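Biologist: I'd like a close look at one part of this protein, the middle of its sheet, and a walk outwards from there. Could you keep it friendly for someone in their first year?

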Amino acid sequence: MVLSLNSEASKPVNAIATASWAFAASLAGLPLSVDLQDGYGSRLREAVTQAIQAGAHGANIEDSIPAHGLGQGVEHPLCPLSEQIRRLQLAVKAAADEGLPDFVINARCDVFALKDGPNLRSEARLEEEIRRGKAYLGAGATTAFFWRGYGAGFTEADVQILVGGLDGHVAIRLGQTREALSVSQLAKLRGVPESASAPASSR
């Protein structure tokens with residue numbers, strides 16, 4: 001499905017993540033959610049439309065700009081907030097136009113994955129994540145999805161702050177460090193939805 005976005009002149013898709021899981025889920029009749037990265041730039045509407053036509057019921061759409069990397073600061077690596085709101089609204093409309101108004105949009109916010117900087121300490125990151133998360137939910141996203149980069153995870157305190165700030169509409173990527181929350185620990189946290197985690201192997 002997503003590979004159809006590639007052409008001889010342009011190849012925005014580098015890989016398909018967890019393809020075997022997707023095929024297994026489709027055979028079992030389970031709803032599928034796909035990783036659309038940043039929506040492939042100007043092709044966001046096309047990506048959402050083709051995902052739905054292929055049978056997907058949800059998608060991750062991230063706010064980082066792949067070509068810019070995850071450097072220091074928020075302005076350069078991430079899509080401007082107003083622009084990302086517009087893009088999420090476009091994705092919502094594309095889904096509705098395809099007859100799937102309940103299409104699940106997992107709006108990934110990458111502030112935690114950015115490199116450390118003088119104005120990007122832990123408290124500042126949390127404030128920016130919550131600010132962006134609220135805006136993304138207001139734009140029509142189902143959940144705000146957070147990750148700390150490859151291998152890293154979240155502490156209980158982090159998750160409680162995010163859940164409290166976003167009224168429970170939170171998904172996180174589980175980490176692989178000793179300090180990171182496990183699935184069982186996450187399940188015990190009060191107010192955290194059961195669907196609030198993604199496996200450490202996903203992106």
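Biologist: In which sense do β3 and strand β4 (residues 143-146) pair, and over how many bridges?

Modeller: β3 and β4 run in the parallel sense, and four bridges join them. One thing to keep in mind as we go: what you're looking at is a predicted model. To find the pairing on screen, look for A107, which stands opposite A144 in β4.

Now turn to β3's other partner. Strand β2 (residues 56-62) is also parallel to β3, and five bridges link them. Here the pair to look for is N60, which sits opposite N106 in β3. So how enclosed is β3 itself? Strand β3 covers residues 104-109, and five of its six residues are buried, so the rest of the structure largely encloses it. C109 is a nice example: its relative accessibility is 0%, and because buried means under 20%, C109 clears that cut-off. Another cysteine, C79, is buried too, at 9%. If you were hoping for a disulfide, though, the count comes to zero.

Next, follow the charges. R108 is buried as well, with a relative accessibility of 2%. Its side chain meets that of E62 in a salt bridge, 3.4 Å from N to O. E62 belongs to strand β2 and R108 to strand β3, so this pair ties together parts that lie 46 residues apart in sequence. Both E62 and R108 are buried. R108 has another salt bridge, with D110, where the closest N and O atoms are 2.7 Å apart. D110 is buried too, at a relative accessible area of 0%.

Let's hop from there to helix α4. R132 and D63 meet through their side chains in a salt bridge of 3.3 Å, N to O. R132 is in helix α4 while D63 is in the loop between β2 and α3, so this pair connects parts that are 69 residues apart in sequence. Both of these residues are buried. The link also belongs to something wider: D63, E128, R131 and R132 form a network of salt bridges. Across the whole model, the salt bridges come to ten.

Stay in α4 a moment, because here is a charged residue with another story. Where is E129? You'll find E129 in helix α4, which spans residues 122-138. E129 is buried but has no salt bridge, and R125, the nearest side chain of opposite charge, is 6.9 Å away. What does the E129 side chain reach instead? It comes to 2.9 Å from the backbone nitrogen of F112. Leaving out residues up to four places away in sequence, E129 touches C109, D110, V111, F112, F146 and L162. You've already met C109 and D110 in that list, and both are buried.

Now for helix α2 (residues 44-53). The buried residues there are L44, A47, V48, T49, A51 and I52. An α-helix has 3.6 residues a turn, so residues three or four places apart point the same way. The buried residues of α2 pack against β1 (32-35), β2 and α3 (81-97). That brings us back to β2, the strand joined to β3 by five bridges. Just after α2 comes G55, with a positive phi near 110°.

Which residues that aren't glycine have a positive phi too? Q37 is one of them, with a phi of about 50°, and Y40 is another, at about 60°. Q37 is in the loop between β1 and α2, and Y40 is in that loop as well. Q37 is buried, with a relative accessible area of 17%. Y40 is buried too, at 8%.

Finally, zoom out. The chain has six helices and six strands. Reading along the sequence, you meet them in the pattern α-β-α-β-α-β-α-β-α-β-α-β. Of the 203 residues in the chain, 45% are buried. And if you take contacts with a separation of 6 or more, 69% of them are between residues 24 or more positions apart. The bridge between E62 and R108 gives you a picture of such a reach, since its parts are 46 residues apart in sequence.

Methods:
Residues are numbered from 1 along each chain as its sequence is written. This is a predicted model: local features need pLDDT of at least 70, side-chain atom pairs count only at pLDDT 80 or more; totals for chains, interfaces and linings use all residues. Side-chain values use heavy atoms; hydrogens and water are left out. Helices (H or I, at least four residues) and strands (E, at least two) are DSSP runs, numbered from the N terminus. Buried means under 20% relative accessible area, exposed over 50%, partly exposed in between (1.4 Å probe, protein chains only). Lys and Arg count as positive and Asp and Glu as negative; His and the chain ends are not counted. A salt bridge is a side-chain nitrogen of Lys or Arg within 4 Å of a carboxyl oxygen of Asp or Glu. A polar contact is a pair of N or O atoms within 3.5 Å; within protein, one must be able to donate a hydrogen and the other to accept it, and residues adjacent in sequence count only if both atoms are side-chain atoms. Contact means heavy atoms within 4.5 Å. A disulfide is a pair of cysteine sulfur atoms within 2.5 Å. Two strands pair if DSSP finds at least two bridges between them.
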